[in-house]
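Dear colleague,

Please find below the structure that I am handing over to you. I would be grateful if you could read the notes underneath with the structure open beside them.

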Amino acid sequence: MAADLSNIVKAYDVRGVVPDEWDESLAELFGAAFVEVVPAAAIVIGHDMRPSSPGLSAAFARGAAARGVDVTLIGLCSTDQLYYASGSLGLPGAMFTASHNPAQYNGIKLCRAGAAPVGQDTGLSQIRELVETWSDEGAPAVPAGTVAGSVTELDSLPGYAAHLKGLVDVASIRPLKVVVDAGNGMGGHTVPTVFEGLPLDVVPMYFELDGTFPNHEANPLDPKNVVDLQARVLAEGADLGIAFDGDADRCFIVDERGVGVSPSAITALVAARELGRHGGSGTVIHNLITSWSVPEVVRENGGTPVRTRVGHSFIKEEMAKTGAIFGGEHSAHYYFKDFWNADTGMLAALHVLAALGGQEGPLSALVASYDRYAGSGEINSTVADQAGRLAAVSETYGGAEGVTLDELDGLTVTAEDWWFNVRASNTEPLLRLNVEARDEATLAKVRDEVLALIRA
């Protein structure tokens with residue numbers, strides 16, 4: 001009977017427990033299906049530090065090469081390093097990682113040439129159907145006379161580092177003490193090469209590549225995973241701290257006081273710098289739960305803000321459509337036109353270092369002008385009847401004076417002094433609430449009112 005892969009083929013990637021939900025034999029079929037759906041003479045493959053990654057990526061390479069496609073293996077890499085290889089070589093790519101998921105998980109992020117994403121609507125559903133069909137009897141025989149593709153290895157790390165450093169004025173970086181928490185993920189592989197030659201005193205934390213994550217989960221958006229970094233920044237008297245997630249495509253910043261800097265403030269800071277690089281004009285994409293300060297800063301710097309749904313496929317789609325120079329999300333994903341519209345936390349980190357070098361004061365003073373409002377962060381509530389609770393919220397605020405509602409992504413309710421968004425999770429029985437207001441008291445009042453409706 002054909003396999004049902006609906007559990008592991010998500011909206012944007014493949015992800016599941018190894019070997020329970022998928023294994024090397026399925027990975028080989030994914031390789032064969034990928035080159036059927038995304039035709040190319042050659043592809044590039046990279047992987048993270050999880051114990052299952054080398055075997056899975058090698059199996060995928062076998063499946064692709066058997067169908068006559070040349071394979072370039074870049075080995076251990078961050079996800080944005082794979083995007084760099086796809087972009088600079090002009091090849092479709094596959095990255096084996098489960099990002100910040102626990103050790104028993106693994107996955108594949110797929111892209112077309114130039115790092116263009118492959119999601120459900122852009123090929124992933126066809127890939128899934130082929131793998132399901134072939135899971136019983138294997139992939140069909142290749143046409144007679146097909147010569148197996150070559151498999152070669154390439155070190156893309158020096159090129160990746162040079163490309164990133166060419167996109168920021170690194171000469172403006174002044175001597176700084178920086179604590180970097182790699183979370184035993186791929187930041188431990190990329191940071192030493194990218195930061196080499198910069199006037200930085202780097203204090204490394206958890207740089208040993210270890211896909212079992214012995215110190216903490218490699219997800220810096222969860223406050224408990226940055227506690228070690230915050231303490232170390234204070235202990236070292238450092239200028240800032242940087243935390244990367246497992247596949248090192250996201251970065252989270254901590255200021256000199258050990259206080260986390262909101263990804264919205266980083267989005268606004270980088271947007272202002274990118275607009276400056278592009279002559280003081282350009283489009284900047286932000287999702288609908290980034291702070292009010294993001295579109296404000298974009299306009300103040302001559303740019304045009306464009307609001308989108310949450311999720312990298314929507315951001316990348318809108319960037320391609322509008323020719324945007326930069327995009328940012330509340331989840332610490334940062335997208336750059338000069339990086340094939342792909343996300344790279346490392347480039348955002350370099351921008352922060354360069355911005356800090358351009359002024360004498362501490363990071364907290366620098367980001368204060370970009371962090372203008374009180375925000376709740378994302379608050380999750382387990383709710384059985386998501387649609388019913390959303391309707392109750394809509395009904396409560398729908399008739400209120402001076403309040404507007406929109407349904408671009410979930411429900412966004414906006415007043416003069418505050419706004420909130422409630423979205424249903426795609427994968428769990430959760431409602432996600434984000435609230436922002438002009439002051440803490442208003443924030444607390446609105447947050448508590450909405451949570452009472454959600455949790456009623």
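The following paragraphs describe the chain as a whole, then the domain record, and then two groups of strands.

Please keep in mind that this is a predicted model. The protein chain contains 14 helices and 22 strands. Along the principal axes, its C-alpha atoms fill a box of roughly 70 × 55 × 45 Å. A compact globule of 456 residues would have a radius of gyration near 23 Å, and the value of 22 Å for the protein chain therefore agrees with that expectation. Of the 456 residues, 56% count as buried, which here means under 20% relative accessible area. The accessible surface of the protein chain is about 17,500 Å², and carbon and sulfur atoms contribute 51% of this area. Among the contacts with a separation of 6 or more, 68% join residues that are 24 or more positions apart.

For the name "domain: Alpha-D-phosphohexomutase alpha/beta/alpha", an unreviewed UniProt entry lists residues 8–134, 160–258 and 266–373. Residues 8–134 are 39% helix and 24% strand, with their end C-alpha atoms 16 Å apart. In residues 266–373, helix accounts for 46% and strand for 15%, and the end C-alpha atoms lie 14 Å apart.

Turning to individual strands, I begin with strand 8. Strand 8 covers residues 176–181, and 5 of these 6 residues are buried, so the strand is largely enclosed by the rest of the structure. Strand 8 pairs with strand 9 (residues 200–205) in the parallel sense over 6 bridges. Within this pair, K177 stands opposite D201 of strand 9.

A further group is an open sheet of 4 strands, arranged in the order 14-13-15-16 with mixed pairing. Strand 14 (304–308) and strand 16 (334–336) are at the edges; each has a single partner strand, so one side of each is left without a neighbour in the sheet. On average, neighbouring strands of this sheet are turned by 20 degrees against each other, direction ignored. Inside the order, strand 13 (residues 283–287) and strand 15 (residues 326–328) pair in the parallel sense over 3 bridges. There, V284 stands opposite F326 in strand 15. Helix 9 (residues 293–300) packs on the sheet and touches strand 13 and strand 14. The direction of helix 9 makes about 155 degrees with that of strand 14.

With kind regards

Conventions
Residues numbered from 1 in each chain as written. Predicted model: local features only at pLDDT ≥ 70, side-chain atom pairs only at ≥ 80, totals over all residues. Heavy atoms only, no water. Pairing = 2+ DSSP bridges. Helix = DSSP H or I, 4+ residues; strand = E, 2+ residues; numbered from the N terminus. Axes fitted to C-alpha atoms, helices over the stretch in contact; angles between N-to-C directions. Contact = heavy atoms within 4.5 Å. UniProt positions renumbered as here; feature names shortened; annotations may be inferred. Rg over C-alpha atoms; globule rule 2.2 N^0.38 Å. Buried < 20%, exposed > 50% of the residue type's maximum accessible area, 1.4 Å probe, protein only. Areas by Shrake-Rupley, 256 points an atom, 1.4 Å probe, with all protein chains shown as cover.
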